[in-house]
Every structure is written in structure tokens, then in C-alpha cells.
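User: I am new to this structure and would like to learn how to read it. Can we go feature by feature?
Analyst: Yes. Here it is.

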Amino acid sequence: MSGPPVAVEARDLGRRYGTVWALRECDFVLPTSRIVALVGANGAGKSTLLSIIAGTLSATSGTLLVHGRPVGRGRSTDGGSRVAILAQDKPLYRDFTVSDMLRFGRSTNRVWDQRRALSWLRRFDVPLDRRCGKLSGGQRAQVALAVALGSRPEVLLLDEPLANLDPVARTEVTGELMAEAADDDMTVVLSTHIIAELSGVGDHLLLLDAGRPVLTGDVEDLLDGHVRMTGPRADQPPGPGVIVQAQHTERQSTFVLRRPAAPTAHAVVAPGWTAQPVALDELILTYLRASARAPHEREAAA
Amino acid sequence: MSQMTRASAATDRQDDPGYGGGVRGLLWLTWRQHRWTLIGTLVLAAVLVGWMTYLAVELTSLWHQCHETFCPEDSPQGRRLGGSSSLVLTLTVLSQVVQWMPLLIGVFVGVPVLTREHEQRTLLLAWSQDVSPQRWLWTRLTLLGLFVAAVTTAVAGVSDRLERLQSLVAPVTLFDYGPFLNTAMLPAVISLCWFAVGVALGAAIKRTLPAVFAVAAGFVGLTYLVRWRYPTLREPLTAHRPIGGPNLDVLRDNALVVKGGMINYGLDGPSGAFDPSGRELSGVELQQLCPPDNGTGRTFACFAEHHLQQHLQYQPGSRIPEFHLIVAGGYLALAALALVTLWWIVRRTDLSAG
């Protein structure tokens, strides 16, 4: 059985800074033409992973493939997939005007869509003749996005792209980004540590914790595949599935379960138990907590 | 996606294959990023070339007025060429500017190529486009290097002419350090060298100000090393000159005296005089032969009467081109080392988006 086309594939990917592993044992697959939410706490390895995918940072171990081709640092995209990255601080040439930045994009890319870049800037009322050093943080982010979108990348990597934007602009930008991605068969990987930002944005999730992927998959599938069961206090849940999280009070137990892959009717087998769907932010927090607990449990077991 | 579909999509989207990623695009980018530095360098070089050309015309005129030989010291022309006249001061200042030009090139053109990108964090932006980091770097270096070569070659050409004219109208030798450094291809080669070193140090240090200090320290250090070592790059020739006799022919035509040629009066008495057989006389022997005259000038005549000689080590003027090649070769080797280091640094540079 062949799955959806793969945009990015990591095989045992790792990156070490000195003695500290920023990424470790990363195995995942990101499908094409999707908006991938890359989520993790500060220092989880999101920027490191995006930089490796962009080819600006070398991996210490493992392999990373973009559209089936290995990524190497400093390699031009001649013949390979075109990847654009928008860094967290949205770097721009301060003494360039916005028009100059578009010309920069045109000068350094094999393919350039001036209309797309211009239309993005017009949508957000960014003046073309103003120097980038005199733009507001939000406007700088829009210019950086325009340059990234104008190069028509197959994979667009956005590192905390919404950080400098006000709530209204965030909604607008995410909406426009989703439209651009849908129009262009572009894979967008969007990193964030603010879980609330994810609502309605990503259709695929990659959750990193301490440099390791702890949850990855289609958002709908992940939500369908998890359930929260609440009932009288018990050591085990009444239904099948892997326990991701268990919480107990004196009278009540709550389990977050990962359902088995095979479709089974999710029957509540004991009276007094209720099954509820899990929201995305709740699911992410559950996995992050479980992941944080795991090392302690391993230590205790040892 | 097939080529046909891709082309069709490109038309719909206003895709512009244009000059993206090519030399033309990088030429624009290089100009846009460095235009004020390039314009400033060009203006400075134009002023320098214009001023030196004007002075060269002046010196040519003086040379003709002095019947195409050295101008006598007591002539109006000689007075313009002697002491601390404004002409001499101007020539000295311009000579110094040409000697320090490579430092200016290294600091203002070389260092910012990478430090500015590091400081503004734009390197990730530049290196994540379709142009590979190596291509981005080497195309820009080639363009800036060609500019530096063109500008400094123009300065070197006029400087060479000016120094040669000075050696025609006044008793100066082209083998002296200043004229030696300002003639032939050396100003251009040294400038290119410090441009490359500036870029490499900028890449290594990543901050403009420390890199500028490193370039300045390196320039001053190497300048003094060259000044100290260049007279003996080849074994000097030796000669004896009768004291009070005419100047040796070998010392004409821009020779450089490396050692000797003077009677030194030290604590142990005078030294540096040789008898006709070529034996150096001790201070006591010399004072016995020609007692001190308390400033009457009799001693010097006494030396001449006894046919005493001075021993000289010198480099003949005919060796200037060879010495130029040796020094230029050294600077080119340093430039090559800087470029190899730069390639290595860029190859190893990791950039993170966070």
C-alpha cells in the first residue's frame, strides 16, 4: 500500500551542539501539499529541524530527504526541491526598500512570482518604497513572507511566523497562507510553541519534545484516534487502547487513550463511564506531559 | 509535474525566470549592498589619480626646466623639490595614502562582505535562496575583486609614474621602501591581498569592529615585517668605495644600500673604515692614523689622503623587478591562503533559523 506523496522524510535524524542533543532519533514523514504544524516547547528543536530541512544546518546523524532527495548543507537547489525558510526574527536587509527586497528575491531565485509577492504586500498594506529598517515588526514579517512566497517554494518553512503579529493579523495571515498553500500544492511547515495558534491552521501535526518526535500524523486521524474516558475510579480503562495519560481522584479516573489501529466500536463497557473526543490543544498537552514524565519513570524503574 | 504543465503554470502565475540566481542578479545584489562603499572608493581613487596625475605633470615640467637631470639645490626648481616645500609634503602624503590604501580596501570593502550579513542575521536569508552559499560568495568576491583590481591598478599606474619622475628630478632611489612599495603592480596586489584577508577575517570573526582591528593589526605587522626583510630577500652585493672619492657607478640607477657606507662614531671610537688592502681598521688604529679634528673637517681629508675605503652591501637597481615579484608573490600567497580559509569557513558555517 502506498501512502500520500512524501514531502519530508527523516530517518534517525540527530543534531548535536557540543555535548547537547538538540534533535535525536527523529523518524517521521511529512506529506506533500499540507500545512504541517510543528509544535514543541521552547528549546524542543523546532528551529534546528527547520534549518536542517532548509539545508542551512548540517545533521550530526541520520538522513533527511526532501521529495526523496537527500538534503545537504550549502547545496544549491539546482535539480532538487525548492525550499524556502522564514527565520524566527524575520531577517531583512535594513537599508533595502521593500521593492529592493522583492528584487533580491528575483535576483537569487530561479523562479520568481512578482505578482504573488506584490499581491501579498498589498493585502497587508505594506508600502513598497519604505526601507525595511523603518517597518514595524508586523510589516517586516509580511515582507519576509512575501519574499518567501514569491520564490514559489515546494516546501515553505515558517519558524514562529505569527510571533510579531497582532491577533487580527494572525488570523488574516494564517487564512491567506492556507489559501496560498492550497492554490499552489505547497507544503507548509509552521512551527510554534503557542498551542492556541494552531486552531484550524495545521492539517498535519509533528510534536517535538526535547528533540524527539512524540506525536506525528494527520490531525483529523489523531483526533479520531484518541478519546478521553471518564468514570469511577479504576486502574484500567473500560475500553481498548494505549493509555497516554491517566489521572485519578478519590472517586474518579480519567484516561486519555490512543485507540487501536483497527477500527473497533468504542463501546463503554462499564456503567458510569463517558467517552469524549479530545481537542487538539488538549491532545498536545497530554503528550507533552506524558513525555516529560517518561524519563522520570524510566529513572525510577532503573 | 511535466515540463509543459510547469511552463503553463508559470505563465499563469507570472513566474519570472529572469536572471534569478545568475550573475546578473548577483551583480545587482552586490551593487545594491555595497554601492556607497564602491562609490566612496571610486571617488577617493579618482581624487588620488587626478591629484597624482597633476603632480606628475608638474614634475615633468620641472625635469624639463632642469635640462632633464637633477635640479640643483640652489635653483628655484631645486628649492621646490627640497626640504619641506609644499610640493614635497604633498608628494609624501600621497605616497603614504597609496601605501595605506590596501588597509582601507581591506577594512571598508573586504570586512563587511560577511560581517554585515552576520550582524544583521541576513546570511540565512541569502543562503536559503536558490543560489548556493559558495556561488553567492564567490560571485560577489569576483565582482568586488575585479572592482578592487581595476581601481587599484589605476592608482598603481599613476603612482608608479609619479615615483619614477621623482627619481628623475631628485636624488631618491626607487629601491627605498616607499617608492619600492608604490611602484609596478605592488599597490594593486597588496590591495587585493588585504581585500581577501579582510573578507576571511570577517568570516572568521563575524563582527565588524573586531575584524577591522584584526585587519589593521595584521596590516601594520606585515608592513613592518616586509620593510625589515625586503632588503635581504636576495644576498646583497658588496663593493668598496674610496672615502672622499666619487660615488660608485653601482650605486646609481636606484640601488639600495643595505649595510655600510658610513663611518660610525661609537663609544669605542670610529669604525667602518678599511685600509687599501680591505682590512677593517679598529677605532684606535683609525684615531692614531687620523686624530679627531674637533669639527674642522680635517679628519675626513685625512681618510682620503690615506686612501681609506668604505665597505658596502647593496642591492642593484636592476633587481627591483625581481624583488617586486618576490614581494607580490608573498602577498598573493597570503591572499590564496585567505581564500582557502574562507572557502573552508563558509563550508563549515551552520545557520539556525532560531
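**Reading the contacts and the empty spaces**

Analyst: Start with one pair of side chains. B:Arg32 and A:Asp100 form a salt bridge, with the closest N and O atoms 2.8 Å apart. Keep in mind that this is a predicted model.

User: How many salt bridges are there between chain B and chain A?
Analyst: The count between these two chains is 5. Over all chains, the count comes to 21 salt bridges.

User: Which side chain meets B:Asp130 in a salt bridge?
Analyst: A:Arg82 does, at 2.8 Å from N to O. This pair also crosses between chains. B:Asp130 sits in the loop between α6 and α7 of chain B. A:Arg82 sits in the loop between β5 (69-70) and β6 of chain A.

User: How many residue pairs are in polar contact across the interface of chain B and chain A?
Analyst: The rule finds 15 such pairs, with both residues at pLDDT 80 or more. Now look at which elements of chain B supply the side that touches chain A. α1 (3-13), α2 (23-65), α6 (123-127) and α13 (320-348) each give at least two residues. α2(B) gives the most, with 6 residues. By class, this side of chain B has 13 nonpolar, 14 polar and 11 charged residues.

User: How do I read the size of an interface?
Analyst: The size is often given as the accessible area lost when the parts come together. Here, chain B and chain A bury about 3800 Å² between them. Carbon and sulfur atoms account for 47% of that area. You can also count residues: 38 of chain B are in contact with 44 of chain A.

User: And how is empty space found?
Analyst: Rolling a probe the size of a water molecule over the atoms shows where empty space is left. A search of the whole structure finds 4 cavities of 30 Å³ or more. The largest cavity has a volume of about 100 Å³.

User: Which residues lie nearest the centre of the largest cavity?
Analyst: They are A:Ile85, A:Leu86, B:Leu125, B:Ser128 and B:Gln129, out of 13 lining residues. Both chains take part: β6 (83-86) and α4 (137-150) of chain A, and α6 of chain B, each supply at least two residues of the lining. The lining divides into 10 nonpolar, 3 polar and no charged residues.

User: What about pockets? How many residues line the second largest pocket?
Analyst: There are 31. Nearest its centre lie B:Ser95, B:Gln96, B:Gln99, B:Gly178 and B:Pro179. The pocket holds about 610 Å³ of space. Chain B elements giving two or more residues to its lining are α4 (86-110), α7 (133-169), α8 (177-181) and α10 (208-229).

User: Which element gives the most to the lining of the second largest pocket?
Analyst: α4(B) does, with 8 residues. By class, the lining of this pocket has 18 nonpolar, 10 polar and 3 charged residues.

Definitions and conventions: Residues are numbered from 1 along each chain as its sequence is written. Chains are lettered from A and ligands numbered from 1 in the order in which they are written. This is a predicted model: local features need pLDDT of at least 70, side-chain atom pairs count only at pLDDT 80 or more; totals for chains, interfaces and linings use all residues. Side-chain values use heavy atoms; hydrogens and water are left out. Contact means heavy atoms within 4.5 Å. Buried area is the accessible area (1.4 Å probe) that two parts lose on being put together, summed over both. A salt bridge is a side-chain nitrogen of Lys or Arg within 4 Å of a carboxyl oxygen of Asp or Glu. A polar contact is a pair of N or O atoms within 3.5 Å; within protein, one must be able to donate a hydrogen and the other to accept it, and residues adjacent in sequence count only if both atoms are side-chain atoms. Helices (H or I, at least four residues) and strands (E, at least two) are DSSP runs, numbered from the N terminus. Ala, Val, Leu, Ile, Met, Phe, Trp, Tyr, Cys and Pro count as nonpolar, Asp, Glu, Lys and Arg as charged, and the others, Gly among them, as polar. On a 1 Å grid over the protein atoms alone, a cavity is a set of points where a 1.4 Å probe fits but cannot get out, and a pocket is an open set with protein on both sides within 12 Å along at least five of seven lines; lining residues have an atom within 4 Å of a point. Grid points are joined across faces, edges and corners, and a volume is the space filled by probe spheres set on the points.
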